[in-house]
Structures are given as structure tokens and as C-alpha cells.
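Reader: I would like a close look at a single part of this model, with its charged side chains and their surroundings set out in order. Please take one residue as the starting point and work outward from there.

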Amino acid sequence: MTTLEILQRAQRLAAEIRRETGERRLANRPEFSRLLSSLRILGQPVPRALLQLDAELSDEEVERQFDNIPI
């Protein structure tokens, strides 16, 4: 895949993630993170909107882990 194809795939996946909620939203996180990592490895800047979404997903993942802790 070329750099442009990776970026376009990341943007399409970001749009899908934004439309989803809950677990379905987090289900796409591994692929999304891999695409962003690929861009970084290739030395390409990652657009701010994609970085923000990745941070949001990371926060949601952490929150989900704490939701499952018994009290």
C-alpha cells in the first residue's frame, strides 16, 4: 500500500468509527492504530483529527477496562 492509500484508508476508517458507538467503535481500534503507525514509520505526518480520534479511543478503552472491575 502506498502512503496515500494508507492515509485514505485511515480517514475512511475514522469516519466509520465516528458513526459507531460502544464496543463497535472500539472494535476498529487495532486496525486504525496500525494504519497510524504505518504512517509514522513511513515518516509521514499524521493529521491532527486522526490523532485526536486515536486519543479518544485510547481513553474509551481505559474506561472500559475500569467498568469491568468488581467492587
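**A glutamate and the charged pairs around the helices**

Author: Glutamate 61 is found in helix α4, which covers residues 48-67. The model is a predicted one, and every value below is computed from it. Glutamate 61 has a relative accessibility of 17%, and because the limit for buried is under 20%, glutamate 61 counts as buried. Its side chain makes a polar contact of 2.6 Å with the side chain of arginine 64. Once neighbours within four places in sequence are left aside, the residues in contact with glutamate 61 are Leu26 and Arg29. Arg29 falls in helix α3, which spans residues 29-41, while Leu26 falls in helix α2, residues 22-27.

Two other glutamates of this part pair with arginine 25. As background, side chains of opposite charge can pair when their charged atoms come close. The side chain of glutamate 56 forms a salt bridge with that of arginine 25, at 3.1 Å from N to O. Glutamate 56 lies in helix α4 and arginine 25 in helix α2, so this pair ties together parts that are 31 residues apart in sequence. The side chain of glutamate 60 also meets that of arginine 25 in a salt bridge, here at 2.9 Å from N to O. Because glutamate 60 belongs to helix α4 and arginine 25 to helix α2, this second pair ties together parts that are 35 residues apart in sequence. As for accessibility, arginine 25 counts as buried at 10%. Glutamate 56 is partly exposed, with a relative accessible area of 39%, and glutamate 60 is partly exposed as well, at 26%.

A search of the whole structure finds seven salt bridges. Another of them joins the side chains of arginine 9 and glutamate 16, at 3.9 Å from N to O. Arginine 9 counts as partly exposed at 21% relative accessibility, and glutamate 16 counts as partly exposed at 30%. Salt bridges that share partners join Arg9, Glu16 and Glu31 into one network.

Arginine 9 and glutamate 16 fall in helix α1, which runs over residues 3-19. This helix has 17 residues and reaches 25 Å from its first C-alpha to its last, close to the 24 Å expected at 1.5 Å a residue. The buried residues in α1 include Ile6, Ala10, Leu13, Ala14 and Ile17. They cover an arc of only 110° around the axis, which puts them on the same side of α1. In general, an α-helix has 3.6 residues a turn, so residues three or four places apart point the same way. The face of α1 turned away from the buried side carries the exposed residues Leu4 and Arg19.

Glu31, the remaining member of the network, falls in helix α3, residues 29-41. Helix α3 has 13 residues and reaches 18 Å from its first C-alpha to its last, close to the expected 18 Å. Its buried residues are Phe32, Leu35, Leu36 and Leu39. Seen down the axis of α3, these fall within an arc of 95°, so they line one face of the helix. Arg34 and Ile41 are exposed on the other side of α3. Just after α3, glycine 43 takes a positive phi of about 80°.

How values were computed. Residues numbered from 1 in each chain as written. Predicted model: local features only at pLDDT ≥ 70, side-chain atom pairs only at ≥ 80, totals over all residues. Heavy atoms only, no water. Helix = DSSP H or I, 4+ residues; strand = E, 2+ residues; numbered from the N terminus. Expected span 1.5 Å × (residues − 1). Buried < 20%, exposed > 50% of the residue type's maximum accessible area, 1.4 Å probe, protein only. Arc of directions from axis to C-beta. Polar contact = N/O pair within 3.5 Å; in protein donor to acceptor, adjacent residues only side chain to side chain. Contact = heavy atoms within 4.5 Å. Salt bridge = Lys/Arg side-chain N within 4 Å of Asp/Glu carboxyl O.
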